[in-house]
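I opened this entry to look up the surface, the fold and a handful of single residues. My notes follow in the order I took them.

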Amino acid sequence: MTVDEQLPARSREVARALAAAGVTGRVRQLSESARTAAEAAAALGCEVGAIANSLVFVADEAPLLVLTSGRHRVDTRMVAQRCGFREVRRASAAEVRAATGQAIGGVAPVGHPHPLPTVVDAALTEYPEIWAAAGTPHTVFATTAAELVRLTGGRVLMVAG
């Protein structure tokens, strides 16, 4: 598969990672911002719950990627308890950039300098098609919860009460 050279550099990295994993979905550039789940859902014409937010946390001082449904917020205590961490906290913008090479609002599930331990929100399995950011706040790709698990080696868990 050839990568669209008109995509931003970060999105080309994501597109290459998707192609290498055999994903057929293509990275799509939006004219509207998809920085938040609500913005992404409005731009794509889908339910906010079908947006897979890629959120970076710090779990016992190491980065942890949580792919969560846009319909709720991650309960860090629940994630810590279910994953066996002492503490899970939201990563700073600098920590997100260091772990992923991407900025908050456009973090993709893949295309990072190194694979991150990943949790995939069980709520995403309720949607036949979900959308994830592709490296910038204006790029996305269609996928499924099962494909996200395969791509990231993630563990499916409820991440909100």
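**Surface and charge.** I began with the outside of the protein chain. It exposes about 7,800 Å². Carbon and sulfur atoms supply 51% of that area. I noted that this is a predicted model. Next I looked up the charges. The protein chain carries 16 positive side chains and 15 negative ones. The centres of the two sets lie 3 Å apart.

**Overall fold.** I then went through the secondary structure. I found 5 helices and 8 strands in the protein chain. Read from the N terminus, the order is α-β-α-β-β-α-β-α-β-β-β-α-β. The radius of gyration is 14 Å, close to the 15 Å from the globule rule for 161 residues, so the protein chain is as compact as a globular protein of that length. Along its principal axes, the C-alpha trace spans about 45 × 30 × 25 Å.

I also looked up burial and contacts. Buried residues are 52% of the 161 in the protein chain. Of the contacts with a separation of 6 or more, 63% join residues 24 or more positions apart.

**Annotated span.** I checked the UniProt record, an unreviewed entry. It places the feature "domain: YbaK/aminoacyl-tRNA synthetase-associated" at residues 32–151. In the model, that span is 26% helix and 28% strand. Its end C-alpha atoms lie 26 Å apart.

**The loop between β2 and β3.** Which residues here have a positive phi? I noted Asp 60 and Glu 61. Most residues other than glycine have a negative phi, so I wrote both down. Strand β2 covers 51–59 and β3 covers 62–69, with Asp 60 in the loop between them. Glu 61 lies in the loop between β2 and β3 as well. Phi of Asp 60 is near 50 degrees. Phi of Glu 61 is near 75 degrees.

I compared their accessibility. Asp 60 is partly exposed, at a relative accessible area of 26%. Glu 61 is exposed, at 61%. The cut-off for exposed is over 50%.

**Glu 87.** What does Glu 87 touch, beyond residues up to four places away in sequence? I listed Val 58, Ala 59, Asp 60 and Glu 61. So the two positive-phi residues, Asp 60 and Glu 61, are both on the contact list of Glu 87, given that contact means heavy atoms within 4.5 Å. Glu 87 itself is found in the loop between α3 (76–83) and β4 (88–90). It is partly exposed, with a relative accessible area of 44%. I also took a distance to Pro 8. The two are 79 residues apart in sequence and 35 Å apart in space, C-alpha to C-alpha.

**Val 107.** Is Val 107 buried or exposed? At 4% relative accessibility, Val 107 counts as buried. Its place is in the loop between α4 and β5 (118–121). I set aside neighbours within four places in sequence and read off the contacts. They are Ser 54, Val 56, Leu 65, Val 96, Thr 100, Gln 102, His 112 and Ala 133. The C-alpha atom of Leu 55 is 7.3 Å from that of Val 107. Along the chain, the two are 52 residues apart.

**Thr 118.** I moved on to strand β5, where Thr 118 sits. Thr 118 counts as buried, at 8% relative accessibility. Not counting residues up to four places away in sequence, Thr 118 touches Leu 64, Leu 65, Leu 67, Thr 152, Gly 154 and Arg 155. Leu 65 had already turned up in my list for Val 107. I took one distance, C-alpha to C-alpha, to Leu 148. Thr 118 and Leu 148 are 9.6 Å apart in space and 30 residues apart in sequence.

**Ala 94.** My last stop was helix α4, residues 93–100, where Ala 94 is found. Ala 94 counts as exposed, at 57% relative accessibility. How far apart are Ala 94 and Arg 26 in space? I read 28 Å, C-alpha to C-alpha, for a pair 68 residues apart in sequence. Helix α4 came up in two notes: it holds Ala 94, and the loop of Val 107 runs between α4 and β5.

Definitions and conventions
Residues numbered from 1 in each chain as written. Predicted model: local features only at pLDDT ≥ 70, side-chain atom pairs only at ≥ 80, totals over all residues. Heavy atoms only, no water. UniProt positions renumbered as here; feature names shortened; annotations may be inferred. Helix = DSSP H or I, 4+ residues; strand = E, 2+ residues; numbered from the N terminus. Rg over C-alpha atoms; globule rule 2.2 N^0.38 Å. Buried < 20%, exposed > 50% of the residue type's maximum accessible area, 1.4 Å probe, protein only. Areas by Shrake-Rupley, 256 points an atom, 1.4 Å probe, with all protein chains shown as cover. Lys, Arg positive; Asp, Glu negative; His and termini not counted. Charge placed at Lys NZ, Arg CZ, Asp CG, Glu CD.
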